[in-house]
Amino acid sequence: MIELLASLPLRAKIALALVAIALLAAPFLVDRYVLSILLLSLVSAYLGQAWNILMGFCGLLSLGHALYLGLGAYASAALYVQFGIGPWAGVFVAVALGVLVALALGSLAFRFRIEGVYFALLTIAFAEFTRIGFDHIGWLGGPGGLFLKVGQRTSWDLANLRGTPAMFYYVMLALTAGAFALCAWLLKSRAGYYWQAIREDEDAARALGINTFRWKLLAVAISAAMTSLAGVFFAFYYNNLFPEQIFHISQSIEIILGPIVGGVGTLFGPILGAVLLTTLADSLTNLVAAMGLDIPGVKQVFYGVILLLVIMFLPNGIWPPIAKRLGLGRKD
């Protein structure tokens, strides 16, 4: 992370510093609505970084990341609702559960050389099986949902993740900054170089002596751990969980859109893509509502149009050409 910052041109360092100051000061400068948009952008950016480790760094296409988000959310929420165990203690169970499921999925896929689109289909299948299964677990609310008691929102209670929107904003800002720092470190680490070798040509990487099975499992585990952690935040921020919502494939698609639009395999791409998509989608939704129109699925149509335009005109995402103009490296 320090190496990355040191390598940035002066103007990029100044711009990054100004953005950091603006983000820290945002709760004091904007209203509650704008703060909620910023918070959703941070959530999307964090999840995009988690998925980017798997696809951008290692070349493994997952279309079922909602699986880990849902498992983390349900694990922490169930411990809190049923046993009174706080969210920070529940984080360990949530992350461990996500990693165990990810390792099981990865072991199955990599042992039998399930790759490419078939690996993507396997991740969708796992997420769908889990969604159907949770629909039939009455202890967790079944299709009727699991609800957390809404706590007092006038003061901060970090121990129980209960507080004002500003508190949740700062928690998510810290998680997103941590995810960015982790990804920057991983990209320059031995794991990062091995992952990139696997992404470019797995057979060649194996011929060079890289244990591709082990390193791919590591990528799956780290990505799942980060996504499960976001699930804990998801549960305590929204206070309700429905299998049909959190495990649905549309949730997985929203996770991957930010990195694809911003730039897969880059550090700033998932952040830029998340901010653009969240802001524009919410603006479009408000515009449609202001016009008195009721158009079901307008957000999904918008996502599809944006994705089509990016694939046609900027196949590497929005960030790489911007980075080139700023004189930054290809992977920044």
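**Entry 1. The pair α13 and α14**

I began with two helices and noted that α13 and α14 cross in a right-handed sense. The model I examined is a predicted one. I then looked up the geometry of the pair: the axes of α13 (residues 269–290) and α14 (residues 298–313) come within 10 Å and cross at roughly 135°. An angle of 65 to 115 degrees would count as roughly perpendicular and one over 145 as roughly antiparallel, so I recorded α13 and α14 as oblique to each other.

Which residues of α13 and α14 meet? On the α13 side I listed L277, L280, A281, L284, T285 and V288, and on the α14 side V298, K299, F302, Y303 and I306. Sorted by class, this contact holds 9 nonpolar residues, 1 polar and 1 charged.

**Entry 2. The loop at P296**

I next turned to P296, which sits in the loop between α13 and α14. Is P296 buried or exposed? Its relative accessible area is 71%, so I entered P296 as exposed. I also checked P296 against A75: the two are 221 residues apart in sequence, and their C-alpha atoms are 32 Å apart in space.

**Entry 3. The nonpolar cores**

I looked up how the buried nonpolar residues are grouped. The largest nonpolar core has 82 residues, and those with the most contacts inside it are I53, Y74, W195, F233, L241, I246 and L267. Helix α10 (residues 212–238) contributes the most to this core, with 14 residues. Another core, of 9 residues, lies apart from it; L277, A281, I306 and I318 are among its members. I noted that L277, A281 and I306 also appear in the contact of α13 with α14.

I then followed L241 individually. Leaving aside residues up to four places away in sequence, L241 touches A73, Y74, A77, G145, L146, F234, A235 and I246.

As background, I kept in mind that nonpolar side chains tend to be buried together in soluble globular proteins.

**Entry 4. Two positive phi values**

Most residues other than glycine have a negative phi. I therefore recorded the exceptions that I looked up, citing the general rule for contrast.

R113, which is not a glycine, has a positive phi near 55°. R113 is found in the loop between α5 (87–111) and α6 (116–134). With a relative accessible area of 48%, R113 is partly exposed.

L161 also is not a glycine, and its phi is positive at about 50°. L161 lies in the loop between β1 (146–147) and α7 (165–188). Where R113 is partly exposed, L161 is buried, with a relative accessible area of 2%.

Definitions and conventions:
Residues numbered from 1 in each chain as written. Predicted model: local features only at pLDDT ≥ 70, side-chain atom pairs only at ≥ 80, totals over all residues. Heavy atoms only, no water. Axes fitted to C-alpha atoms, helices over the stretch in contact; angles between N-to-C directions. Helix = DSSP H or I, 4+ residues; strand = E, 2+ residues; numbered from the N terminus. Parallel < 35°, antiparallel > 145°, perpendicular 65-115°, else oblique. Left-handed = near helix turned anticlockwise from the far one by under 90°. Contact = heavy atoms within 4.5 Å. Nonpolar A, V, L, I, M, F, W, Y, C, P; charged D, E, K, R; others polar. Buried < 20%, exposed > 50% of the residue type's maximum accessible area, 1.4 Å probe, protein only. Core = buried A, V, L, I, M, F, W, Y, C linked by side-chain atoms within 4.5 Å.
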